[in-house]
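Reader: Hello! I am new to this structure and would like a close look at a single part of it.

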Amino acid sequence: MKKSILSSLLVALVSLLVVIPGQATMVETAQIQQDQNLLSTDLQSIPQKRDWILEQLVSGGVDKANAELRVAAMTDSQIQQIYQRVDESAAGGSSVLLIIILVLLFTELMGYTDIIPGMGPGK
Amino acid sequence: MKQFPEYACRWAGVFLLVALTGACATSPQARLLVDNPPDIRQRVELTEVPFFPQLDFYCGPSSLASIISYRGTAVDPEQIAPLIYVPELKGSLQTEVISATRRFDLLPVLLDGKLESIVREIDAGNPVFVLQNLGLDSIPVWHYEVVVGYDFDERMVILRSGVNKRVLRSFALFEKTWQRADYWALAITSADSIPVTASEDAYVTTAIDMEQVGSTRTAHRAYLTALQRWPDSLLAHIGAGNTAYQLGDYTAAQRAYGIALEIDPDKAEIWNNLSYALAQMDMHENSMAAIERALQLDPDNQNFRDSYRELSIWE
């Protein structure tokens, strides 16, 4: 717990260092787009949200260095989108396979689903 | 345990026939597509799209590697996985697929959720990266696939999927499983082209995102590409100007801002940015005139005030 607080502090510090832009008074294209769309993006909370997503990735088994690169590769609007959906929108597999097969055998009959080769683990 | 999916597949093979019969009633897009086919070829298969059989839960990395390789950068799923895979989720997030694509200087352009758009993209030579929910809304089984072909005679799409290089699925069934994934689809192209069905907003936003993550050169190319199709796109002109400025081409920046101001003379931000381009070109008086215009339009803007101060003492 203490360690994670420490590490998010560290990350916050690092992102503070990184955020200082070269042209403080040029208006970025993304900023103009946001103004145009009248999106009330809470820009101040973005660094905190980045930290939170970083923590989620790390606790999801991604190694720290990779997770940092991955979070850095996201735009502000991606950060907003992902923030609330991090464990809803994963694709690739599921941990409740046994329940699924029972439901699917039924729904295949009803024509609602399509289970195709290779969706699960293994070859 | 590793036998499990094959078990599921075998049953699926049997039941697929049943599934197909009642499918059309609840697949409005598929029906529309068959009744009113767009003016494209009857059958297309992009056979040259590479195939990487999925290992474990790597459907995201496999599918992405497939399209990125098709676009000319040799990668395999093992190189993609560290960019998008989340071990605990046994999967990859859509948004990370998007940011990983950008790292290869390719544009991940969101399509509009129409089945017709997918086949149009295929006809234009663009494989489409899709998310499918092969389960149910309540018990989702997420799966990434690549659409590489279609056949109007058979009413089928052709997919690179999981461990299968070539999967055929009816338009109707594809629509259902795609609908359960909110019709999420990406066309992935270089900055020199635009997916045929992409909206101005989707494409320009992709370029803006590219700029935001620091791929300035690619973003600049994408803005110029966008302007060929949408010459009146205000944001594309502004983006072209901003990226030109960042690349040190102040003349090009000035020109782009000039066109943007013809479209919207009251956009104060453009006057602000123009003032910097002019300052860089040692046109001090014009630069001050531009920033004064910005302040006239929006006197309380702190950014413009800072600009004014900075430009007043510009060396």
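What covers the buried residues of H5(A)?

Author: Happy to help! This is a predicted model, in which local features need pLDDT (the predictor's confidence in each residue, from 0 to 100) of at least 70 and side-chain atom pairs count only at pLDDT 80 or more, while totals for chains, interfaces and linings use all residues. Residues are numbered from 1 along each chain as its sequence is written, and chains are lettered from A and ligands numbered from 1 in the order in which they are written. The model has an ipTM of 0.77 and a pTM of 0.80.

Now to the helix. H5 of chain A spans residues 76-83; helices (H or I, at least four residues) and strands (E, at least two) are DSSP runs, numbered from the N terminus. Gln78(A), Ile79(A) and Ile82(A) are its buried residues, where buried means that 20 or more other C-beta atoms, placed from the backbone, lie within 10 Å of the residue's own. Viewed down the axis of H5(A), they fall within an arc of 105°, so they line one face of the helix. That arc is taken from the directions from the helix axis to the C-beta atoms. As background, an α-helix has 3.6 residues a turn, so residues three or four places apart point the same way.

The cover over these buried residues includes parts of both chains: helix H3 (46-59) of chain A, and from chain B strand S3 (91-93) and helix H5 (94-103). As for confidence in chain B, its pLDDT averages 90, and 92% of the residues score at least 70.

Technical notes: A residue is buried if 20 or more other C-beta atoms lie within 10 Å of its own, exposed if 12 or fewer, and partly exposed in between; C-beta atoms are placed from the backbone. Two residues are in contact if their C-beta atoms, placed from the backbone, lie within 7 Å.
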